[in-house]
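User: I should like a close look at a single part of this protein, with its surroundings described in connected prose.

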Amino acid sequence: MEADSLALAATAPPSHTGVILIPKIPHLEFCLACRELVPEFRDRKPNALVQVAVLDAHEQGIIAYACTEVVEGTRDPLFLTGVSLSPDWPVYEESLIKLSVYDVKDKSHQTSSFLGSASFSVADLLKSKDQQLSLSLRTADDSAAVGTVVVCRLKMGEIEDGEVDHIAADTHQKCTLVCESGTTNDKDNGPLMNAVFKNPVCKVYRFQTVDSKLMLVREQMAECTLSFSIPMQLLGLFIQEDSCRIQELNDLGELSPHWDNLRRDVITRYSQLIKTYQDTLAELEKLTGPVFKPSCSKAQKYLEFIPINLHTQRMRVTCPRKTDSFYDVITVGAPAAHFQGFKNGGLQKLLSRYEAEKKSYSTAYQCIYYSPENTAKAREILSTVAQLQPLICGLADRLLLAAQQRSSHTLREALKSLAEKTEQIVHALKDELVKSALLALHAARPGYVSKSQTSSQPEAHSTPTQNQSQNPNPNQTPEPDTVVCNNVAGSQSPPKRENPPPPKRQDIPHHKEYDEEEWDRVWANVAKSLNCVIAMVDKLQEQDNNKQESTPDQALADVITSHNPATDWRDQLSPLVVALKDCVSEVVERASKSMTFVLLQETACSTPHGMQLQQRRDTVFSQALAALACGFVMRLYAGIEDKGFLRQLHAVGVVAQFESLLSTYSEEIGMLEDMEVGISDLQRVTFRITEAASDDPTNLQPTVSGKRDHYTVEVPLPLQAFQTLPDELRQGKLLQVIPVLFNVGINEQQTIAERFGDISLQERINQRNFDILEAYYKSLSAKVPLECLPCFQTQTDVKELLETLGQNVVTKKRKNVEILWLAGAICRRLNGIRFTSCKSAKDRTSMSVTLEQCAVLRDEHQLHKDYFVRALDCMRRHGCRIENVQKNIKCRKYAFNMLQLMAFPKYYRPPEGTYGKVDS
């Protein structure tokens with residue numbers, strides 16, 4: 001028979017409507033050992049394995065399965081892998097647990113022979129002395145005893161001292177009593193965690209330390225509701241933003257036929273994108289069931305915005321006389337556009353190609369070419385004025401209310417805020433891009449065309465004399481970064497991308513009656529109106545205080561109020577405030593139209609596949625943001641009582657370190673190019689902690705707001721937790737997350753890339769992100785005491801680790817996985833958020849996560865060196881990661897073959913019998 005056959009049959013817990021009044025066991029975990037096993041052949045020692053089946057007394061069926069590792073060549077095996085029955089399973093006191101012991105003959109083919117079995121009820125274990133049982137193993141026909149199996153309940157939290165040599169001598173002492181895991185403040189399964197993290201899978205182990213003590217280790221893997229909720233919210237925001245863009249384009253007013261046709265074309269493109277996003281959102285809203293996207297669905301159209309195989313992985317360690325330690329990693333498939341494919345590369349390559357081609361398309365569509373910096377600036381200006389205008393209006397109304405109440409203090413505070421926001425909008429619009437774009441928009445109005453456009457031969461070159469006669473002010477030039485295409489003025493050939501010639505003023509057609517100083521007057525009127533309001537407030541307060549001092553501002557106020565003797569503050573302020581609001585409204589309207597016109601041209605001269613590129617970037621960003629939000633929430637929950645971490649969070653933000661195992665060969669180059677841009681785009685995201693409306697799980701779900709240039713994720717906390725936060729966090733300060741990405745390919749494709757291909761992409765990514773990480777550490781060191789950082793057993797400080805990482809980044813070494821180890825260690829020491837990714841977060845990711853966990857046990861918890869490989873084997877063969885494989889492809893096999901593994905670094909190879917050719 002197959003040794004793992006029972007494990008293959010694991011199913012979701014059924015519902016038990018008829019027994020809901022019977023109390024369930026909160027979280028049952030136990031370990032196993034055998035004594036004096038009798039093998040089938042007396043001349044050999046057995047390779048023992050125990051399979052566990054839970055029999056439900058009410059349904060009379062098997063409802064859960066577990067399996068230990070194989071302990072070779074002993075009649076008295078001590079199993080490192082324990083049994084953990086999740087609280088989600090309906091386990092009651094009368095539930096029966098059957099233990100079946102096998103002698104494994106061939107691990108690679110999983111062939112074994114049955115030795116014996118024993119059964120016990122949950123009540124037997126709970127009521128026994130020290131919650132420990134010794135059961136006789138009986139043969140299938142119950143004719144003979146073949147040894148003893150020892151069952152001991154495990155309780156996470158604290159562990160008594162007990163040396164392993166004593167345990168080996170006396171099996172009754174083998175499983176020292178340890179503390180219970182299902183308490184109300186259990187960090188793994190508390191109400192706060194359960195609101196966002198679902199369907200946990202738990203595995204427990206006990207390992208020997210260097211001082212012959214036992215440590216207890218629990219892995220817990222869970223799905224995250226944010227896998228779907230964040231992308232669905234983003235889709236709604238994308239739809240809303242693009243719908244607003246269509247409205248802005250319509251609000252541009254009447255345009256000449258050429259520009260109106262371009263506008264229609266752009267609106268059509270946006271409408272198609274909106275329709276695609278609406279269809280995707282509608283399909284996602286229909287989905288029910290698990291809250292993760294399996295790797296086999298990575299290329300499904302309606303799931304393209306969902307991160308692949310997003311899970312949390314937590315390791316909890318209990319050691320004698322020490323506080324429990326927690327280590328978290330978020331595992332997720334590399335954020336990439338699998339549905340669109342990688343035939344033409346990924347985002348990094350496509351964006352570079354797009355920018356190069358955009359100039360030639362701008363010529364064909366008779367548009368002005370704006371540099372990426374200018375189009376980004378246009379979006380920033382639109383976003384800024386959209387945020388500031390309603391704030392200014394609200395503050396102006398607040399100022400009038402304070403004036404009506406004749407509250408000097410409130411009046412001064414309102415004026416201070418109003419002045420600050422108004423000055424921000426004045427500063428934001430003090431940009432030559434706005435002025436030059438207004439000029440270009442004026443030229444696009446009906447009836448205002450250049451002589452070259454009305455020529456009977458539009459492609460003929462205009463003479464310098466014609467251009468000069470068309471330009472009333474030849475000394476003035478537009479924005480330096482703006483390149484005018486030849487078809488607009490009909491005078492020049494397309495500029496080369498590398499060194500574009502300086503644009504000329506005569507290249508932009510405009511009407512001779514256009515007043516180029518009008519914008520300066522409109523813009524300056526905002527500041528003048530604000531000064532009038534300030535002067536009036538000073539005047540009113542001076543009169544109220546009976547002060548006779550005279551200042552220039554007061555003189556200005558005297559002029560304003562000389563014809564209004566009324567003493568009511570509101571009546572005197574109201575005309576000035578209304579004038580300020582009108583000036584702000586006018587300047588915002590003009591600036592918004594000019595920036596919309598810039599973006600119209602940017603979109604119009606995009607390649608025919610420009611919207612596909614936008615969709616690709618949206619797709620990748622959606623996956624990356626869902627993973628980041630999951631990691632931030634988990635890190636916040638874990639550090640909610642850590643004052644040092646909370647201080648660091650609001651002072652400098654937290655680093656999010658993404659570890660990637662993608663190769664730089666074939667399709668995975670495109671994935672890595674997508675991932676690089678997606679992770680970099682996370683710099684546009686901030687977080688804010690808010691107070692939840694209630695403790696209901698629906699009110700604890702994070703929400704996203706904003707536009708493509710900036711998003712804010714709000715994370716609600718229950719009142720009790722929120723009130724313990726520092727003032728800065730309770731006041732809603734925006735929190736920064738600093739994303740960094742390090743990549744080292746480890747598979748056979750990376751071998752090809754290193755010997756015959758190109759790994760410059762990997763080298764550039766690692767160098768760039770090392771610089772970001774180093775800059776973050778310098779900022780952290782300057783603003784936050786190092787005492788806020790966590791303590792570790794290894795004495796190497798962060799500065800030394802950074803120096804070593806920097807050396808490894810520039811070293812030419814094949815498959816230098818030490819880069820990943822060092823980056824992960826630095827992230828943990830900086831209170832950061834750890835992510836690990838490969839193509840599907842299933843196979844290579846599992847090898848990396850288990851290696852990291854065992855390395856932490858070795859370096860921080862004194863795992864005995866003889867147990868390192870055994871611990872690695874246990875976690876890979878029977879831990880949470882093999883369960884992750886099962887969830888994704890319905891098969892307990894890592895998707896490797898022997899040829900591939902020969903190219904893998906030694907410690908990234910799975911145990912024999914756990915891999916094979918499968919559809920992943």
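By how many residues, and by about how many helical turns, are Arg-590 and Glu-586 separated in helix H15?

Analyst: This is a predicted model, in which local features need pLDDT of at least 70 and side-chain atom pairs count only at pLDDT 80 or more, while totals for chains, interfaces and linings use all residues. Residues are numbered from 1 along each chain as its sequence is written, and side-chain values use heavy atoms, with hydrogens and water left out.

Arg-590 and Glu-586 are four residues apart in helix H15, which means a separation of about one helical turn. Helices here are DSSP runs of H or I with at least four residues, strands are runs of E with at least two, and both are numbered from the N terminus. The two side chains form a salt bridge whose closest N and O atoms are 3.2 Å apart; the term denotes a side-chain nitrogen of Lys or Arg within 4 Å of a carboxyl oxygen of Asp or Glu. Arg-590 is partly exposed at 25% relative accessibility, and Glu-586 is partly exposed at 33%. Buried means under 20% relative accessible area, exposed over 50%, and partly exposed in between, with a 1.4 Å probe and protein chains only.

Helix H15 spans residues 569-604 and gives 16 residues, the largest share, to the largest nonpolar core. That core has 140 residues, and Leu-573 is among those with the most contacts inside it, together with Phe-197, Phe-632 and Phe-687. A nonpolar core is a set of buried Ala, Val, Leu, Ile, Met, Phe, Trp, Tyr and Cys residues joined through side-chain atoms within 4.5 Å.

Ser-529, in helix H13 (residues 518-544), touches Ala-579, Leu-580 and Cys-583, not counting residues up to four places away in sequence; contact means heavy atoms within 4.5 Å. Ser-529 and Ala-579 are 50 residues apart in sequence, yet their C-alpha atoms are 6.7 Å apart. Ser-529 is buried, with a relative accessible area of 11%, and a polar atom of its side chain lies 2.8 Å from the backbone oxygen of Asn-525.

A caution applies to residues 561-566, where pLDDT, the predictor's confidence in each residue from 0 to 100, stays under 50. For this stretch the model has five contacts beyond four places in sequence. Where pLDDT is low, the predicted coordinates should not be read in detail.

Note on methods
A polar contact is a pair of N or O atoms within 3.5 Å; within protein, one must be able to donate a hydrogen and the other to accept it, and residues adjacent in sequence count only if both atoms are side-chain atoms.
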